[in-house]
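Grab a pencil and work through these exercises with the model open beside you. Try each task before you read its solution.

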Amino acid sequence: MTARKPPKPAVRVPEIAVSGGQRRKSQRIVPEEVPVAFTYNRLSHAVMMASPADLEDFAVGFSLAERVVERADEIEQLEVVTRDIGIELRMWIGKDRIDTYSDRRRHLAGPTGCGLCGMESLEETVRAAPHVSASLTVSPETISAAIAAMPPGQRLNHETRAVHAAAFWMPDRDIVALREDVGRHNALDKLAGALARQGIAGAEGIVLLTSRVSVEMVQKAAIIGASILVAVSAPTALAIRTAEAAGITLIAIARGQDFEIFTHPNRIVAGRVAETQVRHVA
């Protein structure tokens, strides 16, 4: 039997456009979203709503974020299976890993990019993020240039104006990976998977986000190993506290030449920007 391809990440749909009181038939390109199930050695783990693109990256990045595995090569086999009702990402991991996984196995059914749905305890929702100690430093001009470099790579968003992006910038290489999804958590998981599959260390660059920064986004960036996280929107107070504890330089509300540094400003060098734009949270 020939394997079925996943659906396209964007589709054209009919609509009625209303302007100035007048109606006309038209069409619009909108993002697709489908249920994506994650299984390990045939054990069901999670179902997420996501864009049907970069699914291998999604499988690896999600597995790292969920701490099912610690390295991409611990996934011994990965299969993308398209079914009538959605997509299944079938993964096989070794005996040591599956034994550990079985001890903490949980079932999860979440809406688009839901980061905490299905947690079994309050303690699990606030689990400590890995501490990041990378010594990468960049200039304010670099932060602005990195954010400005994102739009050309956001092909799905150019078509739909309805998806999030996560990208990774490296010195002397600019943006080396960018992933998009209807869910902001999914986009970052896909980015994490892409970096892991390419053997790119998170400590070597900056994570860029088109979304707001919630605590899960900081936790995922810490698992990637990135010491600098930059977003175009605002962070939550818990995200700031988590970034502070994890040793991550959190930059948000990055618009044009302006941005705000919330934690660990020492990595942003040159001029007085690093001193004047720090925000403190009680």
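**Exercise 1. Find which residues of helix 1 are buried.**

Step 1. The structure is a predicted model, so look up the computed accessibility of each residue, with under 20% relative accessible area as the cut-off for buried.

Step 2. Go along helix 1, which covers residues 55-65. The ones that pass are Leu55, Asp57, Phe58, Ala59, Val60, Gly61, Phe62, Ser63, Leu64 and Ala65.

Step 3. Put that as a count: 10 of the 11 residues in helix 1 are buried, so the helix is mostly covered.

Step 4. Now peek past the end. Arg67 follows helix 1 and has a positive phi, near 65°.

**Exercise 2. Work out how helix 1 and helix 6 are arranged: at what angle do their axes cross?**

Step 1. Two packed helices are described by an angle and a distance, both taken between their axes.

Step 2. Helix 6 spans residues 184-198, and its axis comes within 6 Å of the axis of helix 1. The two cross at roughly 95°.

Step 3. Angles from 65 to 115 degrees count as roughly perpendicular, so helix 1 is roughly perpendicular to helix 6.

Step 4. Who does the touching? Helix 1 brings Glu56, Asp57, Phe58, Val60, Gly61, Phe62, Leu64 and Ala65. From helix 6 come Asn186, Asp189, Lys190, Ala192, Gly193, Ala194, Ala196 and Arg197.

Step 5. Sort that contact by class and you get eight nonpolar, three polar and five charged residues.

**Exercise 3. Do the same for helix 6 and helix 7: how far apart are their axes?**

Step 1. Helix 7 runs over residues 215-224. Its axis and that of helix 6 are 10 Å apart, at an angle of about 0°.

Step 2. Under 35 degrees counts as roughly parallel, so that is the label for helix 6 and helix 7.

Step 3. On the helix 6 side, the contact uses Arg184, His185, Leu188, Asp189, Ala192 and Leu195. On the helix 7 side, look for Glu216, Met217, Lys220, Ala221 and Ile224.

Step 4. The class tally for this contact is six nonpolar, one polar and four charged residues.

**Exercise 4. Describe the surroundings of Asp189: is it buried or exposed?**

Step 1. Start with its place, which is in helix 6.

Step 2. Its relative accessible area is 3%. With the cut-off for buried at under 20%, Asp189 is buried.

Step 3. Skip the neighbours within four places in sequence, and Asp189 is in contact with Asp57, Phe58, Gly61, Phe62, Ala65 and Lys220.

Step 4. Zoom in on Lys220: its side chain makes a polar contact of 3.0 Å with the side chain of Asp189.

Step 5. Finally, try a pair that is far apart in sequence. Asp189 and Ser63 are separated by 126 residues in sequence, yet their C-alpha atoms are 8.6 Å apart in space.

**Exercise 5. Compare two residues with positive phi, Asp172 and Ile253. Where does each one sit?**

Step 1. A quick reminder: most residues other than glycine have a negative phi.

Step 2. Asp172 has a phi near 70°. You'll find Asp172 in the loop between strand 8 and strand 9. With 83% relative accessibility, Asp172 counts as exposed.

Step 3. Ile253 has a phi near 50°. Ile253 belongs to strand 12, residues 249-255. Its relative accessible area is 26%, so Ile253 is partly exposed.

**Exercise 6. Which residues touch Thr39, and which touch Ser211?**

Step 1. Thr39 is part of strand 3, residues 34-40. Thr39 is buried, at 6% relative accessible area.

Step 2. Beyond its neighbours within four places in sequence, the contacts of Thr39 are Ser44, Glu88, Leu89, Arg90 and Met91. With Glu88, a polar contact of 3.3 Å links the two side chains.

Step 3. Ser211 is in the loop between strand 10 and helix 7. Ser211 counts as buried too, at 3% relative accessibility.

Step 4. Not counting residues up to four places away in sequence, Ser211 touches His164, Arg184, Met217, Ala231, Val232 and Ser233.

**Exercise 7. Zoom out: how many helices and strands does the protein chain have?**

Step 1. Count them up: nine helices and 13 strands.

Step 2. Then check the cover: of the 282 residues in the chain, 51% are buried.

Key: Residues are numbered from 1 along each chain as its sequence is written. This is a predicted model: local features need pLDDT of at least 70, side-chain atom pairs count only at pLDDT 80 or more; totals for chains, interfaces and linings use all residues. Side-chain values use heavy atoms; hydrogens and water are left out. Helices (H or I, at least four residues) and strands (E, at least two) are DSSP runs, numbered from the N terminus. Buried means under 20% relative accessible area, exposed over 50%, partly exposed in between (1.4 Å probe, protein chains only). Axes are lines fitted to C-alpha atoms, for helices over the stretch in contact, and angles run from 0 to 180 degrees between N-to-C directions. Angles under 35 degrees count as roughly parallel, over 145 as roughly antiparallel, 65 to 115 as roughly perpendicular and the rest as oblique. Contact means heavy atoms within 4.5 Å. Ala, Val, Leu, Ile, Met, Phe, Trp, Tyr, Cys and Pro count as nonpolar, Asp, Glu, Lys and Arg as charged, and the others, Gly among them, as polar. A polar contact is a pair of N or O atoms within 3.5 Å; within protein, one must be able to donate a hydrogen and the other to accept it, and residues adjacent in sequence count only if both atoms are side-chain atoms.
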